[in-house]
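Let's take a walk through this structure together. Keep the model open beside you as you read.

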Amino acid sequence: MDIAFFGTKPYDKLWFEPLSKEYSCHIHFIEAKMNSDTVVLAEGSNAVCIFVNDYVTAEVAQRLSSMGIKLILLRCAGFNNVDLSATKELGITVLRVPSYSPAAVAEFSMAAILAVNRQLHRAYNRTRDFNMSINGLMGRDMNCKTAGVIGTGKIGQCMIDIFNGFHMKVLAYDVYPNENLDAVYVPLDELFEKSDFISLHCPLTKDTYHIINGNSIARMRPGVIISNTSRGSLIDSNALLDGLKEGKIGGVALDVYEEEEGIFYEDVSGKIIQDDVLSRLSTFPNVLITSHMGFFTREAMQAIAIETLENAFAYENGMKLINIVQ
Ligand code: NAI
């Protein structure tokens with residue numbers, strides 16, 4: 001199988017290239033992200049492999065189909081970047097990697113919450129400059145506080161375990177509650193009202209779009225710390241800005257951002273950032289922005305590479321497709 005691998009970064013090549021021989025496939029590594037201008041680079045391949053910020057719109061799907069490409073390999077769990085009604089209509093199979101290391105993302109969310117709460121990012125910068133003052137760096141104990149987990153799938157469950165390890169009271173919300181978890185399911189509004197720390201672990205759907213908005217922020221506890229490692233559009237960024245400016249929100253860890261495409265994963269340090277909301281967010285001392293890297297551990301990268309190529313192998317050999325999105 002010839003795979004056109006869009007949005008290649010050096011770390012992708014590191015994990016995928018050695019495995020490609022094992023799976024008898026040829027991977028054509030392309031740095032450009034997938035979009036209507038770059039899709040032409042897939043010509044001659046049997047499949048495309050894409051990541052979170054590669055977009056398969058209806059137009060891109062049509063172009064893939066006209067090249068005879070009937071397989072999209074997502075090297076990620078989320079699939080909100082693919083127009084599934086278009087791919088379905090065109091008979092394009094979409095396979096994903098539903099689980100590679102839920103612990104990696106949950107551990108990252110906790111690391112970010114801890115950093116924001118205890119202001120480690122500021123402390124690091126101060127001591128590098130031998131400013132050893134701790135004024136303004138006071139945090140809060142997490143022990144005995146209340147944590148809210150929205151979305152209790154694979155990552156949410158790891159998050160619940162981690163919060164419990166910190167001896168916190170854990171509230172949870174999911175459209176499909178799992179009564180075996182060590183958390184108390186409550187209605188979403190109650191979770192907003194009672195949580196000191198909120199971690200988002202649901203997918204982006206039309207129901208979860210802006211699940212954190214002006215109304216939900218108004219219900220939250222003053223000083224609440226929010227972590228989003230799921231998808232940027234779960235949070236209404238303008239409402240978040242207002243909540244931060246008012247001092248209602250105590251801190252935010254954003255590993256994802258609703259307009260991250262074209263900025264995240266790129267070095268744009270020499271450019272003028274045109275996104276005023278992102279620019280303003282980055283000025284707050286209590287906002288920690290990272291570039292969609294919750295998944296980024298050795299274990300997760302290896303699992304992603306293996307599962308993606310297993311998906312390709314299964315498709316090519318007419319085997320059961322366990323990771324099919326449609
Ligand atoms: P999962 O599919 O195991 O769990 C998602 C949970 O969300 C399910 O229990 C589902 O019932 C629940 N859910 C669906 N709609 C909901 C709604 N309207 N309200 C509340 N809950 C709802 O997915 P997993 O593996 O736990 O991943 C969660 C999300 O994390 C992914 O969708 C993806 O967006 C994000 N992610 C981010 C990564 C990063 O590097 N920052 C890496 C991997 C995933």
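The paragraphs below go from the sheet to the helices and end at a single residue of this predicted model.

A good place to begin is the open sheet, whose five strands pair in parallel in the order 2-1-3-4-5. Strand 2 (26–29) and strand 5 (93–95) are at its edges with a single partner strand each, so one side of each has no neighbour in the sheet. Direction ignored, neighbouring strands are turned by 25° against each other on average. For a look at one pairing, turn to strand 3 (residues 47–50) and strand 4 (residues 71–74), which run parallel and are joined by three bridges. Here Val-48 has Ile-72 of strand 4 as its bridge partner.

Now add a helix. Helix 11 lies across strand 1 (2–5), strand 2, strand 3, strand 4 and strand 5, and runs at about 160° to strand 4. Helix 11 also packs with helix 1 (residues 10–22): their axes are 10 Å apart, at an angle of about 45°. That angle is why helix 1 counts as oblique to helix 11. The crossing of the two helices is right-handed. Helix 1 contributes Tyr-11, Asp-12, Trp-15, Phe-16, Leu-19 and Ser-20 to the contact, while residues from helix 11 include Met-301, Ile-304 and Leu-309. By type, the contact residues of this helix pair are nine nonpolar, three polar and two charged.

Finally, follow the chain into the segment after helix 11 (298–316), where you will find Asn-323. Is Asn-323 buried or exposed? Its relative accessibility is 7%, so Asn-323 counts as buried. Beyond its neighbours within four places in sequence, Asn-323 is in contact with Val-94, Leu-95, Arg-96, Pro-98, Glu-307 and Asn-311.

Notes
Residues are numbered from 1 along each chain as its sequence is written. This is a predicted model: local features need pLDDT of at least 70, side-chain atom pairs count only at pLDDT 80 or more; totals for chains, interfaces and linings use all residues. Side-chain values use heavy atoms; hydrogens and water are left out. Helices (H or I, at least four residues) and strands (E, at least two) are DSSP runs, numbered from the N terminus. Buried means under 20% relative accessible area, exposed over 50%, partly exposed in between (1.4 Å probe, protein chains only). Contact means heavy atoms within 4.5 Å. Axes are lines fitted to C-alpha atoms, for helices over the stretch in contact, and angles run from 0 to 180 degrees between N-to-C directions. Angles under 35 degrees count as roughly parallel, over 145 as roughly antiparallel, 65 to 115 as roughly perpendicular and the rest as oblique. A crossing is left-handed if the near helix is turned anticlockwise from the far one by less than a right angle, and right-handed if clockwise. Ala, Val, Leu, Ile, Met, Phe, Trp, Tyr, Cys and Pro count as nonpolar, Asp, Glu, Lys and Arg as charged, and the others, Gly among them, as polar. Two strands pair if DSSP finds at least two bridges between them.
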